[in-house]
Amino acid sequence: MVSLLKKLHSPEELKSLSVKELEVLAGEIREKIIDTVSKTGGHLASSLGVVELSIALHRVLNTPSDKIVWDVGHQAYAHKLLTGRLERFDTLRQLGGISGFPKRDESPYDAFDVGHSSTSISAALGMAAARDCSGGDEKMVAVIGDGSLTGGMAFEALNQAGDQNKNLIVILNDNEMSISPNVGALSSLINRKMTSELVVRLKKEAENFLSHVPRIGKDLLKVARKAEGSLKGFFTPGMLFEAFGFDYVGPLNGHRLETLIPALENVTHLEGPVLVHVLTRKGKGFEPAEKHPSQFHGVGPFDKETGKVRASKGGPSSFTGVFGSTLSTMAEKDERIVAITAAMLEGTGLKDFSKRFPQRFFDVGIAEQHAVTFAAGLACQGMRPVVALYSTFLQRAYDNVVHDVALQRLPVTFAIDRGGLVGADGPTHHGVFDYSYLRHIPNMVVIAPRDEVELQRAMLTGTLHDGPLAYRYPRGKSLGLTLPDSVEPLSIGKGSKLRDGNDAVIFALGVVCHEALMAADMLSGEGVSVGVVDPRFLKPLDRELLVSEAKRTGTVITVEENVRQGGFGSAVLEMLADEGVSARILRIGLPDRFIEQGTQQQLYARYGLDAEGVAASVRNFLNGDRSSASSVASSI
């Protein structure tokens, strides 16, 4: 039999297939997703869970005219396969390949770029408003998971959508509740009946009739609505969404195409905002992912026959692992320490902490803003909260960091994981802006430890400091250093000179220190003497050390795994200008653009952050190539 997936050229062709054929297609899509992700890694469980939903939506809608906005977007693999990307699917998340998330410049079927959660309803509502302004009739659909619905932005959008009463369909993909066949069948039957055009028309005609009955019409209408609400409330959990002004439909079995398709067809004819509650199972069709959905949420390459994740080459613990174990050790000695994360228990290395100190661990859901202000409240009452978030997600709580923590000089520590380039997740997940958006905040101390020993020292410094402090560390393995039995805190604003040099000095902040040291070794073999300084602190800078080294050599190279705009190099430029130091400055960092996906090693090489790249930049600069240099004169 010829593969249905290989024969499929556009979603329009789904409309001519029978339900049985669509079920076969679903199996082929799952097989392709499992086969590809087993080699490339990626988000497996969530994508397997929405295969039938993806098929049903493209079958019912007229995409790309009708828009599907996927929340987070890590579940859109089936959507990609249905929209002409089969031949390139093996390049998923690879350098130069297709993205692991929806991307507008990749396909007209990708309605909205996404990689963070809780944004889909807002975006789809904006599209619906634009449609109404231009007199169109396209369908706007937001697909949001029950986890993403914990984000406050989703409720802000629901509130406005219900108030504006625009034609908008929100699909709630609920993959935490089990699907009971009996209840599922009954609810599917109820919603097929309650969403049919006939029932909707009769309901509106009955309301119109009752409202015009003399004297008692309004009372009769209230009774009728109350009866309808009681009936629906008995069968469905839709009261919350109806309070927002949505018509609630569901719950529907998200894996039964014979009921899902007609229900969605009926929904497209309803007026006003509608929420469709769909129950799915994460990892559907791949037993290891069904049993361990969190393990297969974001997974590396694995054996598709057994589900066993391919073992790494071994070696040292990750920076995340060092953070988690160290925080648990610190919490044993200091009962004021509490840990907070936003739906990233395992990703931030806090699983052990949550088990050992359940009363002092808080997972607030996908709600970074709340996490930060919640931490501020804890700090007000004498606790020492540690907020563990990925760099890219801390961006969402910027205002809370400024107003709720820094303004009050509260002792909240920010443990910023995935600082720098993260690899295959690409531009939505690279943590390359935190130097720039943190260093200008008053009262904030920012540390970038170069290794795991320095990370431990930064952590202790944070819990002892009477004010806000952030330390950032990268994704991936640490350097394998032996961790000391006793940890000493850092002196605020004091750096470390790692290597002497007379021709130039490299100021390298964070883990790029080690690339700078290797670059200095390379240049030494060529007869070029280059020193290396680890400033440790982005804020406050060690002015005494950095200024003296700049004056001594007259040539400074800054290296950072952050955008150059407003980052560490900019801070050094400003400092030297303020001090009236005449020096030649070369800033090595990331350009003013969103960085594409690729392995960390590939991206380091592409943007000149590896040892070879740093050495080449220094060599060219000393030889008079000033194309990427910035100068500071004493007259500034």
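Which strands does helix 14 lie across? In this predicted model, helix 14 (residues 319-333) lies across strand 6 (337-341), strand 8, strand 9 and strand 11 (469-472). The helix runs at about 145° to strand 6.

The overall content is as follows. The protein has 25 helices and 18 strands. It comprises 636 residues, of which 56% count as buried. The exposed surface comes to about 26,800 Å². Carbon and sulfur atoms supply 52% of that area. Contacts were also examined by sequence separation. Among those in the protein with a separation of 6 or more, 77% join residues 24 or more positions apart.

The strands crossed by helix 14 belong to an open sheet of 7 strands. The strand order is 7-6-8-9-11-10-15, and the pairing is mixed. Strand 7 (361-363) and strand 15 (537-539) stand at the edges. Each has a single partner strand, so one side of each is left without a neighbour in the sheet. Neighbouring strands of this sheet are turned by 20° against each other on average, direction ignored.

Within the sheet, one pairing can be described in detail. Strands of a sheet pair through backbone hydrogen bonds, either parallel or antiparallel. Strand 8 (residues 384-390) pairs with strand 9 (residues 413-417) in the parallel sense. This pairing extends over 5 bridges. Leucine 389 has isoleucine 416, in strand 9, as its bridge partner. Strand 8 and strand 9 are also among the strands that helix 14 lies across.

Definitions and conventions:
Residues numbered from 1 in each chain as written. Predicted model: local features only at pLDDT ≥ 70, side-chain atom pairs only at ≥ 80, totals over all residues. Heavy atoms only, no water. Pairing = 2+ DSSP bridges. Helix = DSSP H or I, 4+ residues; strand = E, 2+ residues; numbered from the N terminus. Axes fitted to C-alpha atoms, helices over the stretch in contact; angles between N-to-C directions. Contact = heavy atoms within 4.5 Å. Buried < 20%, exposed > 50% of the residue type's maximum accessible area, 1.4 Å probe, protein only. Areas by Shrake-Rupley, 256 points an atom, 1.4 Å probe, with all protein chains shown as cover.
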